Amino acid sequence: EVRTFEVRGLLPPAPRTAEGPVVQEIGPVELAPEVELTATLPIPEGRRLDPSLGPPVQLSIFSDELLRDGDLLHTSDELPARATLPLNDGEGTIDILLRVGTCAEGPAAVCTLTETRWRVKASRDPEGSPRLNLGLR
C-alpha cells in the first residue's frame, strides 16, 4: 500500500546564487537599463512540474553591482521563468540560479529538484539588449 503525505506552505529560503558551481559563464554583454530575463531548463520526458512543496520554479538573481533593487527571488508554476531587472549604471556580474521541482508521473512518484547556475558579465548601456535569454534553444 502506498500512502501519500503532503507538506504545505514550505518554501526554502532564497538561495544565494553567488555560492555553488556555475554551469555556464556568459559575456561580456551590454544590457539595457531594464532587462527582461528569461531562463529555462528541459523537463525530461515522463516528468512534470510539481507544486506539492510550493511553486515548482524558483528564479534567484544576485549581483553586488548591477541590481538596483538588490537580490531578487521570483517563483512560478511554469517555465520559462521570467523577471524584469532594473539595472544600475556600471558593469559587474549577475549570478542567476534556476531551481525546478519535478516529479515522475504516476503513483509513488519520485521527485527531484534540478538547478542550474549562470554567471553573466554585463555592463549597462542605453543601447544594450533589452532581453537576456538563458537555457533557451
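Biologist: Which residue stands opposite threonine 93 in S7?

Modeller: That's lysine 121. Keep in mind that we're looking at a predicted model here.

Biologist: Okay. What makes S6 and S7 a pair of strands?

Modeller: Two strands count as paired if there are at least two bridges between them. S6 and S7 have 13 bridges, in the antiparallel sense, so they pass that cut-off. They also form a hairpin, with six residues between them. Glycine 106 sits in that turn and has a positive phi of about 105°.

Biologist: And how do you know that S1 and S7 pair?

Modeller: Same kind of check. Strand S1, residues 24–39, shares six bridges with S7, and the cut-off is at least two, so they pair. This time the sense is parallel. For one spot to look at, find glutamate 30: its bridge partner in S7 is serine 123.

Biologist: Now the side chains. Why is the contact between aspartate 89 and arginine 124 called a salt bridge?

Modeller: Their closest N and O atoms are 3.2 Å apart. The limit is within 4 Å, for a nitrogen of Lys or Arg and a carboxyl oxygen of Asp or Glu, so the name fits. Aspartate 89 lies in the loop between strand S5 (81–86) and strand S6 (91–104), while arginine 124 is in strand S7, so the salt bridge ties together parts that are 35 residues apart in sequence.

Biologist: Why is aspartate 89 called exposed, but arginine 124 partly exposed?

Modeller: Aspartate 89 has a relative accessible area of 63%, and exposed means over 50%, so it qualifies. Arginine 124 comes in at 26%. Buried would need under 20%, so arginine 124 lands in between.

Biologist: What makes Arg99, Glu115 and Arg117 one network?

Modeller: Shared partners! Glutamate 115 meets arginine 99 at 3.4 Å, N to O, and glutamate 115 also meets arginine 117 at 3.3 Å. Both values are within 4 Å, so both contacts are salt bridges. Salt bridges that share partners join the three residues into one network. Glutamate 115 lies in strand S7 and arginine 99 in strand S6, so that pair links parts 16 residues apart in sequence.

Biologist: How do you know which of those three are buried?

Modeller: Arginine 99 is at 13% and arginine 117 at 11%. Buried means under 20%, so both arginines are buried. Glutamate 115 has 38%, so it counts as partly exposed.

Biologist: How many salt bridges turn up in the whole structure?

Modeller: The search finds five.

How values were computed: Residues numbered from 1 in each chain as written. Predicted model: local features only at pLDDT ≥ 70, side-chain atom pairs only at ≥ 80, totals over all residues. Heavy atoms only, no water. Salt bridge = Lys/Arg side-chain N within 4 Å of Asp/Glu carboxyl O. Helix = DSSP H or I, 4+ residues; strand = E, 2+ residues; numbered from the N terminus. Buried < 20%, exposed > 50% of the residue type's maximum accessible area, 1.4 Å probe, protein only.
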